[in-house]
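Work through these three exercises with the sequence and the model side by side. Try each task before reading its solution.

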Amino acid sequence: SFMSLNTHLRRQHDHLVSLGHLLSEERGLLVQGSIDGPELGAVAQRKAALLETLDTFEGRRREALQRLGYDDTPQGDEQAAREAGCLPLWRAIQTRARAVAADNRVNGELIELRAANNLRLLNALREKAGTPLYGPDGQPGPRGGRLSSSA
């Protein structure tokens, strides 16, 4: 029913707003000098739960619209939202979803950067100790070789 589409979209929008706040929190943790591992882990768990909820919401919305005879296309989504009187809300959801996806990508890149830096740092420390993790060619040293051949 159209009444429930409006309610459903409001909830979906609220979840996206929460996810946006959570991503800001995650970004804040990632740009700190030293990472608070447990805190970052807790944020990651909350993020995974929110993403799963949003996925469920989206799945339900699509099923409902298909049952009502709308095409499962961006045009069908727009038509349903227009006829339910919540086109501005639907457009706001799409805009926010794009922004959240972009923020999530940036956070992912920050995490990869930090991981790469940590690996370089660890390798430098190991080299000083005489046990480099990686050879000059950037490939894992002998220990890594044995591990990968048994995998």
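**Exercise 1.** Find the helix that holds L89, then decide whether L89 is buried or exposed.

Solution.
- Step 1: L89 sits in helix α4, which spans residues 87-128. The model is a predicted one.
- Step 2: The relative accessible area of L89 is 14%. Buried means under 20%, so L89 counts as buried.
- Step 3: Set aside neighbours within four places in sequence; L89 then contacts N6, L9, R10 and H13.
- Step 4: Take N6 from that list. N6 and L89 are 83 residues apart along the chain, yet their C-alpha atoms are separated by 8.2 Å.

**Exercise 2.** Place R61 in its helix, and work out which residues R61 is in contact with.

Solution.
- Step 1: Helix α2, residues 37-67, contains R61.
- Step 2: R61 has a relative accessible area of 3%. That value falls under the 20% cut-off, so R61 is buried.
- Step 3: Look for a polar partner. The side chains of R61 and E58 make a polar contact at 2.7 Å.
- Step 4: Leave out neighbours within four places in sequence. The contacts of R61 are then L5, H8, L9, Q12, D77 and W90.

**Exercise 3.** Which residues of helix α3 are buried, and what is the sign of phi at G85?

Solution.
- Step 1: Helix α3 covers residues 74-83. Its buried residues are G76, D77, E78, A80 and A81.
- Step 2: D77 is on that buried list, and D77 is also one of the contacts of R61.
- Step 3: Move past the helix. G85 follows α3, and its phi is positive, near 75°.

Key:
Residues are numbered from 1 along each chain as its sequence is written. This is a predicted model: local features need pLDDT of at least 70, side-chain atom pairs count only at pLDDT 80 or more; totals for chains, interfaces and linings use all residues. Side-chain values use heavy atoms; hydrogens and water are left out. Buried means under 20% relative accessible area, exposed over 50%, partly exposed in between (1.4 Å probe, protein chains only). Helices (H or I, at least four residues) and strands (E, at least two) are DSSP runs, numbered from the N terminus. A polar contact is a pair of N or O atoms within 3.5 Å; within protein, one must be able to donate a hydrogen and the other to accept it, and residues adjacent in sequence count only if both atoms are side-chain atoms. Contact means heavy atoms within 4.5 Å.
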